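This briefing covers charged pairs, the surface and the overall make-up of one protein model. Please read it alongside the sequence and the 3D view.

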Amino acid sequence: IKQLPLNTDPEVFGLHENANIMKEQKESQKLFDGILTTLPREVNGGARSSSEIVQELAIDILSKIPPDFEIEDVTVPSMWSAKSYPSLKPLGSYITDLLSRLQFFQ
């Protein structure tokens, strides 16, 4: 069991390889839904809407990632992949860790 992949390819279940795109879109939607549920529900006249706050958060995160960073060009050594695990960190800590790792590799 330890040698089985943590994340299986969609082909294993008879799905097209692009099924990962739909899965990732749903995961992103769940992430932003989680962000929205933790935001305070204020109804002030001049307050920003929840979608505006999430939009600003996404823009802020993307602005911190180096512009020449291409996820398709990243190769992870198989030894690392075998020992890695999904992050359980909150979004802020995850982004901070991601940025420090990107800086290390530059």
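In helix α2, which spans residues 50–64, D60 and K64 are 4 residues apart, so about one helical turn separates them. The two residues form a salt bridge, with 3.3 Å between the closest N and O atoms. The model is a predicted one, and the values below are computed from it.

**Salt bridges**

- The count of salt bridges comes to 3.
- Side chains of opposite charge can pair when their charged atoms come close.
- In the α2 pair, D60 has a relative accessible area of 33%, and because buried requires under 20% and exposed over 50%, D60 is partly exposed.
- Its partner K64, at a relative accessible area of 44%, is partly exposed.
- K23 forms a salt bridge with E27, and their closest N and O atoms are 3.6 Å apart.
- K23 and E27 sit 4 residues apart in helix α1, which means that about one helical turn lies between them.
- K23 counts as partly exposed at 39% relative accessibility, and E27 counts as partly exposed at 45%.
- In helix α4, R101 and D97 are 4 residues apart, about one turn of the helix.
- The side chains of R101 and D97 meet in a salt bridge, at 2.9 Å from N to O.
- R101 is partly exposed, with a relative accessible area of 49%; this value falls between the 20% and 50% limits, so the residue is not classed as exposed.
- D97 has 22% relative accessibility and counts as partly exposed, because buried means under 20%.

**Nonpolar surface patch**

- Which residues form the nonpolar patch on the surface? They are V76, M79, W80, F104 and F105.
- Together these residues have about 650 Å² of accessible area.
- Two elements give two or more residues to the nonpolar patch, namely α3 (78–83) and α4 (91–105).
- F105 is a residue of helix α4.
- Is F105 buried or exposed? Its relative accessible area is 55%, and the cut-off for exposed is over 50%, so F105 is exposed.

**The N-terminal segment**

- K2 belongs to the segment before α1, a helix that covers residues 19–38.
- K2 counts as exposed because its relative accessibility is 85%.
- K2 and A82 are 80 residues apart along the chain, and 9.3 Å separates their C-alpha atoms.

**Overall make-up**

- How many helices and strands are there in the protein? There are 4 helices and 0 strands.
- Read from the N terminus, the elements run α-α-α-α.
- The protein has 106 residues, of which 8% count as buried.
- Its accessible surface comes to about 9,600 Å². Carbon and sulfur atoms account for 58% of that surface.
- Considering contacts between residues at least 6 apart in sequence, 50% join residues at least 24 apart.

Note on methods: Residues are numbered from 1 along each chain as its sequence is written. This is a predicted model: local features need pLDDT of at least 70, side-chain atom pairs count only at pLDDT 80 or more; totals for chains, interfaces and linings use all residues. Side-chain values use heavy atoms; hydrogens and water are left out. Patches are made of residues with over 30% relative accessible area and no salt bridge: like charges are joined within 9 Å, nonpolar side chains (Val, Leu, Ile, Met, Phe, Trp, Tyr) within 5 Å. Accessible areas come from the Shrake-Rupley method with a 1.4 Å probe; for residues, only the protein chains shown count as cover. A salt bridge is a side-chain nitrogen of Lys or Arg within 4 Å of a carboxyl oxygen of Asp or Glu. Buried means under 20% relative accessible area, exposed over 50%, partly exposed in between (1.4 Å probe, protein chains only). Contact means heavy atoms within 4.5 Å.
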